[in-house]
There are 2 protein chains.
Amino acid sequence: MKQKQQQKSYATREKILTAAEAEFAEKGFYGARVDAIAEASGVNKRMIYAHFESKEKLYSRVLLAVYERFADLDESFMTEDESPIACIRNIVIGSFQSLAESPHLVRSLMWANLMRGNLMPKSDLAKVKAPGIEYIKKQIARGKEMGVFKPDADEYQTVLSLMNFCFSYFSNLHTMSAILETDMNTAEQINKRAEYITSIILEYLCI
Amino acid sequence: MKQKQQQKSYATREKILTAAEAEFAEKGFYGARVDAIAEASGVNKRMIYAHFESKEKLYSRVLLAVYERFADLDESFMTEDESPIACIRNIVIGSFQSLAESPHLVRSLMWANLMRGNLMPKSDLAKVKAPGIEYIKKQIARGKEMGVFKPDADEYQTVLSLMNFCFSYFSNLHTMSAILETDMNTAEQINKRAEYITSIILEYLCI
DNA sequence: AAAAAAAGTAACTAAACGGTTATTTTTCTG
DNA sequence: CAGAAAAATAACCGTTTAGTTACTTTTTTT
């Protein structure tokens, strides 16, 4: 009952996706080479077209996976049993840790920004990220109810900060390291920054 | 005394650079096409190679100009006669305004980050940005001396924030607009964010 | 085990691309 | 204004690249 065949087909599909993600993350859509993906995955180029029609569709498919993994990172900090302050702290520290471990992801999202929605998967980034956003909003609301956060603290701006302040440390690593003449890509520097971001956001939020 | 010739030569050089900057900003190094630059500038392709040897050297040359314009933006906020608080505010508001007006610049710097120093001009980003950095440090020091800023406020982290918080609003416009389901690229949203960034940084700095 | 179907391979193609050559036009110099 | 020098043009070239074709091998079905 056609098992071996399906398994092999699935395996090559995965091999292609893995290699493609690395290639696209490294070189972007235009710089990536289909032949390079074929070689890196150990799969015949023909098979890439058999599974994913075109380079563009493959990119789109890869990006979909990237988005999902990006959203999955949020789960690391989505705990319920702690104080709002502890939760905000977990979001920042957790995000820094996750992003530090996923340079491919950071690069893929940077390429996506530069593509301005071109060759983007139909699936909504909004949808996959919604639970994470909701969680953040909930913690802010909880902090306000509990009287530890300022009642007029801007929820929308805070959500944006929590995402941008963490992400931009990694997306601008190269330029900023050059400008500030430091190697910002060390555990020590990353931890310091995470602590600082935690404190600047909490200082804004807390009464 | 060979004037007309020099003038024309200089003019075509500039036409090439202008077209190249737009093309590279839009598509990146790999996506940009030399033929497209030739056509957009109305200059024969041969002339591109006469002036700039190769596509890579042209890119490097364009990036040099980008870096300089990036540094030039700093001059818009480098005033001396105001209070440290007003100066910090000017930095943020000025940066938001400048970046909002220079989408090409933002994109070029994003590409530069993704290139990780590859094909970069020799000229140091650190050098051109130094005056702006110095200015910021000076204002922080002045604020501390005057007793309006906390003595233990982290200078380095604040410099990084002033740069990253402004830049990342624009570099992540697309992704964030998608996630938050808002058009963040409107004057109103940009101004709101600039005000918020001003206040969060000042809240951290001020006693 | 034979026929059918799916997976995989290698060699190929047409177009695009970075870069060049051969030539003409324009400008400068004496 | 003649000859040299520089600027500009168009047509071309070798490679690379996304995508395909024709063929072989493996797996499934009957």
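**Entry 1: the phosphates and bases of strand D**

I began at A:R33, where an N or O atom of the side chain lies 2.8 Å from a phosphate oxygen of DNA strand D. The model is predicted: I took local features only at pLDDT of at least 70 and side-chain atom pairs only at pLDDT 80 or more, while totals for chains, interfaces and linings use all residues. Side-chain values use heavy atoms, without hydrogens and water, residues are numbered from 1 along each chain as its sequence is written, and chains are lettered from A and ligands numbered from 1 in the order in which they are written.

From chain B I looked up B:S9, whose side chain has an N or O atom 3.5 Å from a phosphate oxygen of strand D. I then noted B:N44, where a side-chain N or O atom is 3.4 Å from a base nitrogen of strand D.

**Entry 2: the surface near strand D**

I found 21 residues surrounding DNA strand D, with A:K4, A:R33, A:K45, A:Y49 and A:K55 the closest. Near here means that a heavy atom of the residue lies within 4 Å of the strand. Of the strand D atoms that come within 4 Å of the protein, 68% belong to sugar and phosphate.

By class I list five nonpolar, seven polar and nine charged residues on this surface. The classes are nonpolar (Ala, Val, Leu, Ile, Met, Phe, Trp, Tyr, Cys and Pro), charged (Asp, Glu, Lys and Arg) and polar (the others, Gly among them). Helix α1(B) gives the most to the surface near strand D, with four residues.

**Entry 3: helices of chain A**

I see 10 helices and zero strands in chain A. Helices are DSSP runs (H or I, at least four residues), as are strands (E, at least two), numbered from the N terminus. The C-alpha trace of chain A spans about 60 × 50 × 30 Å along its principal axes.

I checked both ends of α3(A). At its start, a side-chain oxygen of A:N44 comes to within 2.9 Å of the backbone nitrogen of A:R46. After the helix comes A:E53, with a positive phi near 30 degrees.

**Entry 4: chain A against chain B**

I find 53 residues of chain A in contact (heavy atoms within 4.5 Å) with 53 residues of chain B. The two chains bury about 5,000 Å² between them, 62% of it on carbon and sulfur atoms. In chain A, the residues that lose the most area to chain B are A:N113, A:L114 and A:I179, together 13% of what that side buries. Buried area is the accessible area (1.4 Å probe) lost when two parts are put together, summed over both.

The rule finds four salt bridges across this interface, each a side-chain nitrogen of Lys or Arg within 4 Å of a carboxyl oxygen of Asp or Glu. I looked up B:R116, whose side chain forms a salt bridge with that of A:E26 (2.7 Å, N to O).

On the side of chain A that touches chain B, α1, α6, α7, α8, α9 and α10 are the elements that give two or more residues. Helix α8(A) gives the most, with 13 residues. I count 28 nonpolar, 15 polar and 10 charged residues on that side.

**Entry 5: symmetry**

I noted that a rotation of 180 degrees with 0.0 Å of shift along its axis superposes chain A on chain B (RMSD 0.1 Å). This is the relation of a two-fold axis. The superposition is by least squares on C-alpha atoms of residues with pLDDT of at least 70 in both copies. The copies meet through the same surface, because 100% of the interface residues of chain A are also interface residues in chain B.

Note on methods: A polar contact is a pair of N or O atoms within 3.5 Å; within protein, one must be able to donate a hydrogen and the other to accept it, and residues adjacent in sequence count only if both atoms are side-chain atoms.
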